[in-house]
Amino acid sequence: AELYARRLLSTSRRVRIYKEELQAAREEVEDYKSLVTQKQLVVAQLGNEGQQLEARIRELQNELHMAQMQQETALAEQRRMEGKQFEAQRRVEALKNTIDTIANESQ
């Protein structure tokens, strides 16, 4: 009977210990479940931010492309104006030389 009582006590202790471990394991599962949920929210938020940044990058790339095209157009126009300025300056010099030649001949 004493042996039976010891076995019962031992079994009772083991069951109690396993129940405590089971409870701790269940709490750990809940903790991890909560952490996973938090991480899912973080991942989703970072995904949204990434998409927003990618959209903004596309907008900025489009703006950059437009600015580069405008710059190329303005540069081409500037070169045309410089050419016209050079030709006008040559005409001024030619006319001045002609006037000087005529003035020198009449003296």
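Colleague: Hello! Does Lys33 count as buried, partly exposed or exposed?
Modeller: Happy to help, and please keep in mind that this is a predicted model. The relative accessibility of Lys33 is 48%. Buried needs under 20% and exposed needs over 50%, so Lys33 counts as partly exposed.

Colleague: Which residue forms a salt bridge with Lys33?
Modeller: Side chains of opposite charge can pair when their charged atoms come close. The partner of Lys33 sits 3 residues away in helix H1 (residues 2–105), about one helical turn. With a relative accessible area of 44%, this partner is partly exposed. The closest N and O atoms of the pair are 3.4 Å apart, and the partner is Glu30.

Colleague: Which residues are joined into one network by salt bridges that share partners?
Modeller: Let's take the two pairs in turn. Glu59 and Arg56 meet in a salt bridge at 3.1 Å, N to O, and they lie 3 residues apart in helix H1. Arg56 also meets Glu63, here at 3.8 Å. The shared partners give one network of Arg56, Glu59 and Glu63.

Colleague: How many salt bridges does the count come to?
Modeller: Glu30 with Lys33 is one of them, and Glu63 with Arg56 is another. The pair of Glu59 and Arg56 belongs to the list too. By the rule of a nitrogen within 4 Å of a carboxyl oxygen, the count comes to 4.

Colleague: And what radius of gyration does the protein have?
Modeller: The secondary structure comes to 1 helix and 0 strands, and the C-alpha atoms fill a box of roughly 155 × 20 × 10 Å. A compact globule of 107 residues would have a radius near 13 Å, but the protein has 45 Å.

Conventions. Residues are numbered from 1 along each chain as its sequence is written. This is a predicted model: local features need pLDDT of at least 70, side-chain atom pairs count only at pLDDT 80 or more; totals for chains, interfaces and linings use all residues. Side-chain values use heavy atoms; hydrogens and water are left out. Helices (H or I, at least four residues) and strands (E, at least two) are DSSP runs, numbered from the N terminus. The radius of gyration is taken over C-alpha atoms; the globule rule is 2.2 Å times the number of residues to the power 0.38. A salt bridge is a side-chain nitrogen of Lys or Arg within 4 Å of a carboxyl oxygen of Asp or Glu. Buried means under 20% relative accessible area, exposed over 50%, partly exposed in between (1.4 Å probe, protein chains only).
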